[in-house]
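The exercises below are to be worked with the sequence and the coordinates open. Each task is followed by a solution in steps.

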Amino acid sequence: MTLAADRSRVRRAALSIGLYVGIASAVLTVAGVAVLITTVSLRARQESVEHRLGPPHGAEVAWVVERDEVIGLVALLGAVGIVLLGVVAWLAAHRAVAPLAEALRLQRNFVADASHELRTPLTVLTSRLQVLERRLDRGEPVEEVVGRLRTDVASMADVIDDLLLGAEAAEAADGAATPLADAVRAAVSSLEVLAQRTGVRVETRVEAQPLVAVPRVAVTRCVVALVDNALQHTPAGGVVEVGVGVAGRTATLRVRDTGPGIQGISPDRVFERFAHTEGDRPRRSFGLGLALVRDIARRHHGDVAVESTSPEGTTMLLRLPRL
């Protein structure tokens with residue numbers, strides 16, 4: 001969102017709050033005057049008042065109200081008005097700070113999401129650099145590693161761009177078409193260095209070649225997060241299975257680990273922000289990866305769920321719209 005758009009939003013909010021306070025104050029004032037007039041009219045009594053101008057004028061009937069009653073009524077209405085105006089001011093202040101609270105929440109979420117999304121690529125880069133150093137020390141060819149490093153850096157730039165689009169709540173670009181199987185292979189290939197480091201084997205099974213109506217970077221982010229999550233829950237010597245298929249007008253991606261299953265939390269809650277399961281992990285988790293997968297999937301009219309979980313492993317199912 002641009003600076004001009006932010007300023008326009010602030011001006012609209014200020015105008016809205018000003019109108020709200022002005023209208024509420026006017027209503028309270030009119031209501032107070034109406035109550036005062038009505039009460040005085042009801043409590044007034046008729047009395048015969050004799051004029052001092054002489055006999056021709058005689059006596060007339062007048063409406064009389066006790067002064068003490070009027071003073072007491074005005075004081076009561078004033079106190080009630082002060083209280084009501086205080087309530088109006090509190091409500092106005094609450095409405096005024098609501099956009100600021102939302103902006104702060106979005107800012108914190110973006111910082112947390114960006115930090116989380118860049119952790120895995122940075123870990124991959126670190127591992128890749130270690131491989132590069134070892135090859136240089138042994139005098140082995142390094143062109144392949146350098147090429148992969150260049151690809152990893154480009155992927156990080158794409159992730160940042162997609163994060164910015166998500167922060168602006170932007171919809172997917174029309175005409176976005178991604179071969180799901182190709183995106184999965186590329187994402188799994190980028191994580192091979194992590195799988196080797198943890199002693200886990202990743203197997204990819206492609207049963208179909210669907211095109212999905214999702215930008216490639218968004219698909220890659222989902223695959224990386226799901227596979228990385230599976231790697232963290234799979235003990236050394238285990239296997240992570242990644243399968244691509246179709247079901248009607250939906251493309252499916254299944255990621256199955258051979259870990260101990262979801263423990264200490266309901267499977268329905270693993271996609272909530274900052275949700276944690278029990279068990280040791282090779283890397284610290286902040287409970288954001290699966291939440292981001294759900295956000296991305298729903299932004300592109302898909303979904304993700306825990307298809308099954310048991311002591312033999314857990315299967316995550318990602319569904320995306322096909323073209």
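**Exercise 1: Strand pairing**

In this predicted model, β4 and strand β6 (residues 239-247) pair in the parallel sense over 6 bridges. Starting from this pair, trace the sheet and state which strands stand at its edges.

Solution.

Step 1. Take one bridge of the starting pair: Val206 has Val244 in β6 as its partner.

Step 2. Move on from β6. Strand β7 (residues 250-256) runs antiparallel to β6, and 7 bridges join the two. Val244 stands opposite Leu253 in β7. Val244 is thus a residue with a partner in β4 and another in β7.

Step 3. Look at the connection. β6 and β7 form a hairpin with 2 residues between them. Gly248, in the turn, has a positive phi of about 70°.

Step 4. Go to the other end of the sheet. β8 pairs with strand β9 (residues 313-321) in the antiparallel sense, over 7 bridges.

Step 5. Put the order together. The open sheet has 5 strands, in the order β4-β6-β7-β9-β8, with mixed pairing. β4 (201-206) and β8 (303-310) each have a single partner strand, so they stand at the edges and one side of each is left without a neighbour in the sheet. On average, neighbouring strands are turned by 15° against each other, direction ignored.

**Exercise 2: The start of β8**

Describe the surroundings of Asp303 by backbone pairing and by side-chain contact.

Solution.

Step 1. For the backbone, the bridge partner of Asp303 is Arg319 in β9.

Step 2. For the side chain, Asp303 meets Arg298 in a salt bridge, at 3.6 Å from N to O. The cut-off for such a pair is 4 Å, so this distance qualifies.

Step 3. Compare each accessibility with the class limits, which are under 20% for buried and over 50% for exposed. Asp303 has a relative accessible area of 25% and is partly exposed. Arg298, with 48%, is also partly exposed.

Step 4. Examine the loop between α7 (289-299) and β8, where His301 is placed. Phi of His301 is near 65°, a positive value in a residue other than glycine. His301 counts as exposed because its relative accessibility is 66%.

**Exercise 3: Two further salt bridges**

How far apart are the closest N and O atoms of Glu203 and Arg201? Classify both residues by exposure, then treat the pair Arg269 and Glu272 in the same manner.

Solution.

Step 1. The closest N and O atoms of Glu203 and Arg201 are 2.9 Å apart, and the two residues form a salt bridge.

Step 2. Glu203 is partly exposed at a relative accessible area of 34%. Arg201 is partly exposed at 45%.

Step 3. The side chains of Arg269 and Glu272 meet in a salt bridge with an N to O distance of 3.3 Å. Arg269 has 42% relative accessibility and counts as partly exposed. Glu272 has 32% and is placed in the partly exposed class as well.

Step 4. These pairs belong to a total of 8 salt bridges in the structure.

**Exercise 4: Two helix residues**

Is Arg128 buried or exposed? Give its contacts, and contrast this residue with Leu19.

Solution.

Step 1. Locate Arg128: it lies in helix α2 (residues 67-138).

Step 2. Arg128 counts as buried because its relative accessibility is 6%.

Step 3. Leaving out residues up to four places away in sequence, Arg128 touches Val145, Arg148, Leu149, Asp152, Ser190 and Val193.

Step 4. Leu19 is found in helix α1 (residues 3-43). With a relative accessible area of 49%, Leu19 is partly exposed. Leu15, Leu19, Ile23 and Val27 form a nonpolar surface patch, with about 400 Å² of accessible area together.

**Exercise 5: Totals for the chain**

What share of the 323 residues is buried? Add the other totals for the chain.

Solution.

Step 1. Buried residues make up 33% of the chain.

Step 2. The secondary structure comes to 7 helices and 9 strands.

Step 3. The chain exposes about 19,000 Å², of which carbon and sulfur atoms supply 60%.

Step 4. Among contacts with a separation of 6 or more, 70% are between residues 24 or more positions apart.

Methods. Residues are numbered from 1 along each chain as its sequence is written. This is a predicted model: local features need pLDDT of at least 70, side-chain atom pairs count only at pLDDT 80 or more; totals for chains, interfaces and linings use all residues. Side-chain values use heavy atoms; hydrogens and water are left out. Two strands pair if DSSP finds at least two bridges between them. Helices (H or I, at least four residues) and strands (E, at least two) are DSSP runs, numbered from the N terminus. Axes are lines fitted to C-alpha atoms, for helices over the stretch in contact, and angles run from 0 to 180 degrees between N-to-C directions. Buried means under 20% relative accessible area, exposed over 50%, partly exposed in between (1.4 Å probe, protein chains only). Contact means heavy atoms within 4.5 Å. Patches are made of residues with over 30% relative accessible area and no salt bridge: like charges are joined within 9 Å, nonpolar side chains (Val, Leu, Ile, Met, Phe, Trp, Tyr) within 5 Å. Accessible areas come from the Shrake-Rupley method with a 1.4 Å probe; for residues, only the protein chains shown count as cover.
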